[in-house]
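User: Could you take a close look at one part of this model for me, the small sheet in the second chain? I am a first-year student, so please explain the terms as you go.

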Amino acid sequence: MVGIVGYGVYVPRYRIKTTDIAEVWGDTSGRIGKGLGVFEKSVPGPDEDVATISVEAARNAIKRSDLDPKDIGALYVGSESHPYAVKPTGTIVAEAIGCTHDMTCADFEFACKAGTAAMQVVMGLVQSKMIKLGMAIGSDTAQGRPGDALEYSAAAGGAAFLIGMKNPLATIEETVSFTTDTPDFWRREGEDFPSHGARFTGEPAYFRHVKAGAESLFKKTKTTVDDYDYFVFHMPNGKFPIAMGRQLGVPKEKLEESLVVRQIGNTYSGSAMMGLARILDIAKPGSKIFMVAYGSGAGSDAFSITVEDAIEERRGQVPTVDDYIERKTYVDYATYAKFRRKIKALG
Amino acid sequence: MAEQGVAQVWRRIRSMYRIEGNKCVTCDTHFFPPRPVCPECRRKGNLENYTFKGLGSIYTFSIVRQAPDDFKRQMPYVIAQIELDEGTRLTAQIVNIDPEDVEIGMRVRACFRKIKEFGHGGIIVYGYKFEPTMKVTGHE
């Protein structure tokens with residue numbers, strides 16, 4: 001059965017505390033970070049972008065799989081912060097990780113679910129035997145307008161999943177999607193920062209789509225909440241996934257382990273995939289994982305995944321999500337502004 | 001008109017992305033950047049492509065506090081000569097560490113970073129920089 005044969009993540013070293021951001025905009029109460037459930041977020045270094053983050057995550061995925069990158073037949077990078085508007089990030093990643101040139105490659109965009117959309121496409125190519133092995137990456141250096149609510153959560157990080165049929169670490173039994181035209185969050189061509197519909201991003205957007213995706217997957221797999229050990233929902237902040245879990249009747253302890261958003265913020269296309277990687281780092285063979293990624297615009301991709309015995313022998317070879325979360329250096333708002341090109345005089 | 005520098009960057013992609021050099025099979029000497037002829041063995045030399053493991057030690061370094069415009073955002077930063085385990089040396093930036101913590105002899109490994117941009121609308125040059133070996137590099 002098709003499954004994950006390798007995975008790896010990367011989170012930049014730098015962090016900024018949400019209280020430091022709030023203070024710059026005149027809030028010293030500490031309420032904003034607490035309200036969002038995001039206490040610090042990752043910040044990319046001045047020489048890091050989606051291509052570099054994707055390469056590091058992809059190299060970790062290959063190392064874990066112990067497979068030859070020359071067998072990769074398709075590589076897709078999902079992001080909303082590709083370094084080029086025209087020139088695929090995937091070409092850079094494929095060359096850097098040592099793929100052959102006889103492969104297909106493209107960049108995906110669907111707000112925060114571009115990486116899971118890439119996973120679905122790779123699954124299809126593998127299952128139809130068009131390719132032996134494919135890589136799907138979700139990676140972002142998310143943008144937030146200074147002073148906007150997004151600035152407290154827009155973070156950087158990426159996760160790479162190598163998908164194939166042979167000896168998977170986790171099998172993917174089923175995937176479904178739910179898609180509508182819902183303008184809750186967008187960025188027009190040439191704009192530096194995205195815009196959003198504020199409260200409109202909640203009920204008609206995130207909650208409707210994640211819920212519909214989840215219910216559709218329960219129906220298709222004839223399962224209920226009780227059949228799963230872990231739940232992963234897209235994490236735009238620390239509040240939404242918990243509220244979603246409550247609506248679907250998911251016990252808190254089944255969701256808790258995936259909430260990496262509290263320490264690193266929303267890694268956008270890497271968000272749900274990072275949560276999934278966190279679960280794969282700790283789950284016992286036989287555990288069942290229910291993941292729903294959400295992308296503004298809007299849509300959701302839901303996956304039913306079972307952890308296999310092979311995962312245990314693949315642990316300890318590459319850094320875990322927690323290793324990256326713990327490796328951190330705090331920066332102040334001025335340094336963050338310098339790194340994120342918010343100081344325009346520097347070009 | 002073709003943008004200046006694109007061809008030069010493209011020619012060096014494999015060297016810059018994967019530290020691909022070569023080695024002389026006759027005398028087992030490694031070269032980076034790759035050489036067309038082994039300077040020791042000359043005609044008896046037999047060169048083949050070699051991808052370096054990307055591990056080595058800092059041979060010497062300097063902290064840059066006055067940088068060219070392209071690198072101002074990164075100041076202060078460390079530029080070092082790294083002696084790779086295969087025996088050859090190269091020059092690269094050291095990242096993921098505060099400059100004052102860098103030491104001669106420190107173990108480092110290659111990571112993938114943005115090197116420079118040809119202006120706001122130009123190409124982006126990627127390649128190797130080095131970082132200390134640590135838990136997140138899989139070395140502890």
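Analyst: Here is a walk through that sheet, followed by the chain around it and the partner chain.

A word on the ground rules: this is a predicted model, where local features need pLDDT of at least 70, side-chain atom pairs count only at pLDDT 80 or more, and totals for chains, interfaces and linings use all residues. Residues are numbered from 1 along each chain as its sequence is written, while chains are lettered from A and ligands numbered from 1 in the order in which they are written.

Now the sheet. In chain B, three strands form an open sheet in the order E2-E1-E3, with antiparallel pairing. Strands here are DSSP runs of E with at least two residues, helices are runs of H or I with at least four, and both are numbered from the N terminus. Two strands pair if DSSP finds at least two bridges between them. Strand E2 (29-31) and strand E3 (47-51) of chain B are the edge strands, each pairing on one side only. On average, neighbouring strands of the sheet are turned by 35° against each other, direction ignored; the axes behind this angle are lines fitted to C-alpha atoms, for helices over the stretch in contact, and angles in general run from 0 to 180 degrees between N-to-C directions.

Next, zoom in on one pairing. Strand E1 (residues 20-24) of chain B runs antiparallel to E3(B), and five bridges join them. To find one yourself, start at B:Cys24: its bridge partner in E3(B) is B:Leu47.

Stepping back, chain B has two helices and eight strands, and along the sequence the pattern reads α-α-β-β-β-β-β-β-β-β. Its C-alpha atoms fill a box of roughly 50 × 50 × 25 Å along the principal axes. Of its 140 residues, 23% are buried, where buried means 20 or more other C-beta atoms within 10 Å of the residue's own, exposed means 12 or fewer, partly exposed lies in between, and C-beta atoms are placed from the backbone.

Chain A is the partner, with twelve helices and 14 strands. In chain A, 56% of the 347 residues count as buried. Where the chains touch, chain A brings 23 residues and chain B brings 17; a contact means that two C-beta atoms, placed from the backbone, lie within 7 Å. On the chain A side, helix H3 (50-65), helix H4 (89-97) and helix H11 (321-326) each supply at least two residues, and H3(A) gives the most, with four.
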